[in-house]
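Colleague: I'd like to learn how to read a model like this one. Could you take me through it?

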Amino acid sequence: MASRGSSHAALMDEIYRGQRHIYDLTRKYYLFGRDTLIAGLDARPGMRVLELACGTGRNLAKVGKAWPGARLFGLDISAEMLKSARAALGPKARLGQGDACSFDAAALLGEPAFERIVLSYSLSMIPEWERALDQAASLIAPGGSLHVVDFGDLSGLPRPAARLLRAWLARFHVSPREGLPAAARRIAQTRGLMIASRRGPLGYYQLHVLSA
Ligand SMILES: C[S@@+](CC[C@H](N)C(=O)[O-])C[C@H]1O[C@@H](n2cnc3c(N)ncnc32)[C@H](O)[C@@H]1O
């Protein structure tokens with residue numbers, strides 16, 4: 001990993017060394033839209049499903065239950081988070097450590113492309129998030145799709161509540177990406193993909209599906 005990547009990896013490890021033990025319990029109260037994304041995956045048996053920045057493996061475990069027979073793959077930059085993912089998924093998933101902005105999928109995960117790719121509440125933590133989004137789009141297999149969920153513009157929340165939420169998220173190095181809809185459209189257009197986007201209630205989350 002390049003030095004910028006390794007210092008980001010160290011930061012993620014620092015944040016999640018302790019947090020990973022309470023992550024799934026606490027995040028279910030504010031990382032909304034993840035189950036909507038999983039329900040919309042339509043991952044049929046044999047399909048390769050990759051979650052970039054998979055964290056504790058919570059989403060992959062749910063994908064495995066919702067879509068039996070899907071082949072599960074996960075990547076994360078944090079060795080700490082991967083300890084939780086390995087414990088949660090065991091041999092059900094192939095996991096690798098790497099930077100979602102630049103990694104060799106074939107070398108790390110044994111596959112060059114995936115029928116379903118997931119980015120869930122990770123672009124808001126990745127400094128070079130547009131690169132990560134483009135890298136994800138480059139790994140879509142023919143007929144496949146990339147599914148992204150993350151914080152939205154929060155515009156339906158009362159302003160003080162939105163300000164408090166942003167300040168609290170910033171403590172965890174999380175920044176809602178207001179430029180995400182435009183970046184997703186631009187990447188879809190450049191790569192000849194179709195795009196469908198929706199906004200969660202109150203603009204709390206945004207969901208984008210880029211399809212080949
Ligand atoms: C808020 S958690 C989301 C975890 C999971 N996707 C979910 O929905 O619960 C963000 C995750 O992104 C990972 N991450 C941050 N930057 C990354 C990068 N550049 N490459 C890969 N993973 C990264 C962190 O280690 C962490 O596991």
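Modeller: Sure, we'll go through the sheet, then one residue, then the ligand.

Modeller: This is a predicted model, where local features need pLDDT of at least 70, side-chain atom pairs count only at pLDDT 80 or more, and totals for chains, interfaces and linings use all residues. Residues are numbered from 1 along each chain as its sequence is written, and side-chain values use heavy atoms, with hydrogens and water left out.

Colleague: What is the strand order in the open sheet?

Modeller: Strands (E, at least two residues) and helices (H or I, at least four) are DSSP runs numbered from the N terminus, and two strands pair if DSSP finds at least two bridges between them. Here seven strands form an open sheet with mixed pairing, in the order β3-β2-β1-β4-β5-β7-β6. At the edges sit β3 (93-97) and β6 (194-199), each paired on one side only. The strand-to-strand twist averages 15°.

Colleague: How many bridges join β6 to β7, and how do these strands run?

Modeller: Six bridges, and the two run antiparallel, with β7 covering residues 205-211. In that pairing, Ile195 is opposite Leu210 of β7.

Colleague: Which helix packs on the sheet?

Modeller: Contact means heavy atoms within 4.5 Å; axes are lines fitted to C-alpha atoms, for helices over the stretch in contact, and angles run from 0 to 180 degrees between N-to-C directions. Helix α7 (residues 129-138) touches β1 (48-52), β4 (114-120) and β5 (140-151), and its direction makes about 150° with that of β5.

Colleague: Is Arg48 buried or exposed?

Modeller: Buried means under 20% relative accessible area, exposed over 50%, and partly exposed in between (1.4 Å probe, protein chains only). Arg48, in strand β1, has 15%, so Arg48 is buried.

Colleague: Which side chain makes a polar contact with that of Arg48?

Modeller: A polar contact is a pair of N or O atoms within 3.5 Å; within protein, one must be able to donate a hydrogen and the other to accept it, and residues adjacent in sequence count only if both atoms are side-chain atoms. Glu115 does it, at 2.8 Å. A polar atom of the Arg48 side chain also lies 3.1 Å from the backbone oxygen of Ala113.

Colleague: Which residues come nearest to the ligand?

Modeller: Near means a heavy atom within 4 Å. Of the 21 residues around the ligand, the nearest are Arg34, Glu51, Ala53, Asp76 and Ser120. An oxygen atom of the ligand is 2.6 Å from an N or O atom in the Ser120 side chain.
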